[in-house]
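I opened this notebook to keep a record of what I looked up in the structure, entry by entry. The entries follow the order in which I went through the topics.

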Amino acid sequence: MNHGPARPELRGLVAEFENEEAIVEATQKTVDAGYHHIETYTPYPLDELLDIQHLHKNKVALVILIGGLTGCTVGFFMQWFASVIHYPINVGGRPLNSWPAFIPVMFECTVLFASFAALIGMMVMNKLPRPNHPLFDIERFRYATQDRFFLCIEAEDPYFEKDATRQFLEELNPHEVNEVEA
Amino acid sequence: MTAISSNLLAQLNSIQSRALTIGVILVLGGLLYAFATGAMSGFYQAYLVGYMICAGIALVCMAFTMLHHLIGGRWGFVIQRLLEAGMSTLPVLLVLFIPIVLGMHDLYHWTHAEVVAVDPILQHKESYLNVPFFLVRTVFYFAIWITAAFLLIRWSTSQDASGDPGLTDKMRNICGPGVVVFALTMTFASFDWVMSTDPHWFSTLYGVMMIVNAGGATLSSIIIMMTWLRKHEPISKLADADRFHDWGKLLLAFTLLWFYMMLSQFLIIWAANLPEENPWYVHRVHGGWEVLSVVLVLCRFVIAFFLLLSIPRKRDPRRLVRVAWFILVMHLVDIFWHVAPNFRLDGFSVSVMDVMVPVGLFGIWFFFVLNRLKRYPLIPQKDPRFEELVASVSKAQVSKAKA
């Protein structure tokens, strides 16, 4: 069976830590060492990790704003087209383009488009839906949903070198270090 | 034992005396101007604007305190004493109501017997809109408000001494019905004091609108005060970026709610197009008032909304406080927009009194707020829920420092 072009055999290295403090410290050291393409997996959200990894700046927010503004505009022109161009009706002598009456629908369209932008933007940026992930091949990774904390340095990071990075992770006192296959 | 540090006390004293001096000078200046130009009616209009700003903030301080006792939440503890200081001014506001009683004939068209005699609509409303009942109602509102404020403040300060957790339940028990009573009394007070300046016109939404715009002004004042107080112990430990984020989010919510109320009232009246409801808006879109109407919606809603969307701005007190000042100034414009067009039917006009008197009255009122604030500890230390807050905040700070 043909598996296509040869894939890089390594996706990254993942280190397992036993508690909150250990992963926070390890992540800080990893960032300080210059690694950018890192990912942390914890059983519950850790605010400190967001700070260290600079994940507070959320690009989804911008997508939502654009979605909302688009919805607002679409909501207006939809009604404007219907009541001025397509099917003009005289309602109590009001002008055809009675924009105050359009505002509730414009608002609803804003919310609708913003919500879809939020959902779709989040999915696309997280590369979801994704039924499987190479990390799941690691036996112990299932504890990430229970009581263990994982730090992964990905192979695409410019500083990544298999042996040096493994040694770097070993020095952070993890429970163990595993290779993530691509 | 002094309640707050001497350094802070000295600063509060100096701000307090400046607020009173500037306030008295501005109000007296406005009064002199009114005497000199013979425009007493204009003075009373400006006074009503100023009065609604101060009373609105004091009352929403009470409403926020009640909400906070009911629902808890970290945003409330740090500002609880500030809110209590705000609502402690209610007896003062009862005294400050006297000029409005004196200016009744200038402010309220329906107090003139000869006008009512030839106006069938006002005759129908006479059983509600008459001077004795108006005064009785005002006293009645204040009796309720002052009692509630007195109890909440007393229990909270006596908890500082005794640490009795039962007092928290006591406060919570009166806050449930208290919120309902507040909404009703504030609604009727807005009907009486402001809506009846145009006695033919009515809107059932008016009271909520007054609560909501005062809510925005209250949050702005809180943010301004907190930006200053966070440099001092013990507020400095508690008012971190997360708290400013909370207040900023609430301010954004009130900005949205403000536009929601404005639009709801406008859309219903505009769609119905009835001659007894229309004139209020007709005044406000003609004779120069339309410019103010557009500026108001643009500044108080559109600009404020987009400014408050940004998370970094909400988390940075120095940037958030600028938005808060902006909204507080727009609140003055907002109340002016509610009051003045009812009197100035010939078209837009504004005099120096319209700025001097409200700002001056705010200064005098602020004197009494600080007078209360400086006498008690700045945080309710013995509240059982407060101890949990301190524990959680210091834990977050420790782990941040470690990281």
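Entry on charged pairs. For this entry I take a salt bridge to be a side-chain nitrogen of Lys or Arg within 4 Å of a carboxyl oxygen of Asp or Glu. I am working with a predicted model, and over all chains I find that the structure holds 17 salt bridges. The one I looked up in detail joins Glu16(A) and Arg140(A), whose closest N and O atoms are 2.8 Å apart. I note that Glu16(A) sits in strand β1 of chain A, whereas Arg140(A) sits in the loop between α4 and β3 of chain A, so this pair ties together parts that are 124 residues apart in sequence. Side chains of opposite charge can pair when their charged atoms come close.

Entry on the backbone of chain A. In the loop between α4 and β3 of chain A I also located Pro129(A), and the peptide bond that leads to Pro129(A) from Leu128(A) is cis, with omega near -5°. In the loop between α5 and β4 of chain A I found Asn173(A), which has a phi near 60°, a positive value in a residue other than glycine. I wrote both down because most residues other than glycine have a negative phi, and most peptide bonds are trans.

Entry on the interface. I then asked how many residues of chain B are in contact with chain A. I count 13 residues of chain B in contact with 14 residues of chain A, and the two chains bury about 1,000 Å² between them, 70% of it on carbon and sulfur atoms. Across this interface of chain B and chain A I get 0 salt bridges.

Entry on helix pairs in chain B. I looked up helix α2 (residues 40-71) and helix α4 (residues 80-87) of chain B, whose axes come within 7 Å and cross at roughly 140°. That angle makes α2(B) oblique to α4(B), and their crossing is left-handed. Among the residues that meet here are Phe64(B) and His68(B) of α2(B) and Leu83(B) and Met87(B) of α4(B), and by class the contact has 6 nonpolar, 5 polar and no charged residues.

For helix α11 (residues 166-193) and helix α12 (residues 206-229) of chain B, I find axes that come within 8 Å and cross at roughly 105°, and α11(B) and α12(B) are therefore roughly perpendicular to each other. The residues in contact include Phe182(B), Met186(B) and Phe191(B) of α11(B) and Tyr206(B) and Ile211(B) of α12(B), and by class I record 8 nonpolar, 3 polar and no charged residues.

Conventions
Residues numbered from 1 in each chain as written. Chains lettered and ligands numbered in written order. Predicted model: local features only at pLDDT ≥ 70, side-chain atom pairs only at ≥ 80, totals over all residues. Heavy atoms only, no water. Axes fitted to C-alpha atoms, helices over the stretch in contact; angles between N-to-C directions. Helix = DSSP H or I, 4+ residues; strand = E, 2+ residues; numbered from the N terminus. Parallel < 35°, antiparallel > 145°, perpendicular 65-115°, else oblique. Left-handed = near helix turned anticlockwise from the far one by under 90°. Contact = heavy atoms within 4.5 Å. Nonpolar A, V, L, I, M, F, W, Y, C, P; charged D, E, K, R; others polar. Buried area = accessible area lost by both parts, 1.4 Å probe.
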